[in-house]
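Dear colleague,

Please find the structure below, for your consideration. My notes on its strands, nonpolar cores and one helix pair follow.

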Amino acid sequence: MKLIIPIASGKGGVGKSVITANLGFSLAKLGHQVIVVDLDFGGANLHNYLGLKNNNPGLGEFLQDRSDSLTNLLVPTFHPNLKFLPEEGATPFMADLNVMDRRRLLVELNQLPAEIILLDLSAGCNALTLDFFNASHTGLLITRPESPSVLNLLEFLRQTIYRRLLHYLSKDRDLLNQIRNFLFRPINSVPAVTMRDILQLISAHHPNIAKTLQEDWDARQVRVVFNQVEQQEDLGFWLQVQALARDQLSCSLESWAQCPTDPSVSAALKVQTPLVQQGASTQLLCSLQQLAKRIQNNWFGSTSKIGISTDHQDH
């Protein structure tokens with residue numbers, strides 16, 4: 001079985017790539033064959049956290065037809081169970097991939113020789129990131145325990161929902177515009193417009209689409225990782241955020257890890273050494289190991305293939 005996990009964040013600077021690299025190591029340490037993929041087009045830096053140079057051919061080689069397989073582009077790392085697939089900054093306009101290139105890339109990602117594949121996505125809500133995050137039923141969102149970061153996380157979830165609706169309702173622009181006006185009201189508007197309301201509206205026009213969307217959302221498992229936590233009191237607002245996500249976005253959010261602030265992260269980056277080799281705190285490594293075990297126990301063993309439809313145009 002193959003597990004594919006997109007990893008995203010509503011904003012930059014929350015430590016997404018640090019978490020991706022070291023979660024990959026923690027999963028590899030559990031005995032899984034793991035590949036971490038740098039899909040941060042235009043801002044790739046995952047190699048820094050793996051102690052690697054940015055001089056390896058990567059996704060650009062494949063998309064420019066200079067390599068017929070992503071497997072040929074895999075780079076060994078410091079752990080035998082962990083491989084790295086670079087983005088490669090030498091190919092221009094990687095952030096402007098058309099839908100056909102995205103589909104081709106996703107098909108090939110499914111063929112990679114690994115049990116677990118982690119996709120390090122660009123920060124923010126660009127269409128490319130939303131499509132890759134929507135392409136799997138499992139996903140991790142990285143945030144900091146502060147109001148702006150968490151609000152960006154909720155906005156990211158809302159954007160993923162709209163991107164999904166755009167796919168299914170691309171031929172009914174009037175209905176799509178009506179839903180957009182509902183969906184993009186302030187997150188705490190009164191009275192709230194919930195996803196149940198939106199599904200009922202869709203069902204009145206397209207009952208089969210509404211049923212498919214309901215099944216899709218029921219299958220989604222998005223989990224949250226808090227990074228740079230200094231004290232547990234920082235997470236006091238989390239119950240309110242969970243309620244907003246559940247009531248308005250029909251998203252059941254669970255926090256699967258709280259990773260503490262650790263100065264060894266900056267020290268490791270300066271010398272381009274993997275965090276585990278820099279002497280990170282036991283608490284930080286413990287948090288990542290617990291996250292890896294949660295993924296193993298809850299997600300591993302269920303198929304999570306990825307794919308993207310070509311039925312809609314970019315917007």
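Strand E7 and strand E8 (residues 254-260) run parallel and are joined by five bridges; strands are DSSP runs of E, at least two residues long, and helices are runs of H or I of at least four, both numbered from the N terminus. Strands count as paired if DSSP finds at least two bridges between them. In this pairing, Val229 stands opposite Pro260 of E8. E7 is also joined to strand E6 (residues 138-143), by six bridges and again in parallel, with Gly139 partnered by Val222. Of the nine residues in E7 (residues 221-229), seven are buried, that is, under 20% relative accessible area (1.4 Å probe, protein chains only).

This is a predicted model: local features require pLDDT of at least 70 and side-chain atom pairs 80 or more, while totals for chains, interfaces and linings use all residues. Residues are numbered from 1 along each chain as its sequence is written, and side-chain values use heavy atoms, leaving out hydrogens and water.

The largest nonpolar core (buried Ala, Val, Leu, Ile, Met, Phe, Trp, Tyr and Cys residues joined through side-chain atoms within 4.5 Å) has 63 residues; Leu39, Leu85, Leu105, Leu109 and Leu165 have the most contacts inside it. Helix H6 (residues 147-168) supplies the largest share, nine residues. A second, separate core of 36 residues includes Tyr49 and Leu284.

Leu105 also belongs to the contact between helices H4 and H5 (heavy atoms within 4.5 Å), where its companions from H4 are Arg102, Leu106 and Leu109.

Yours sincerely

Terms used. Buried means under 20% relative accessible area, exposed over 50%, partly exposed in between (1.4 Å probe, protein chains only).
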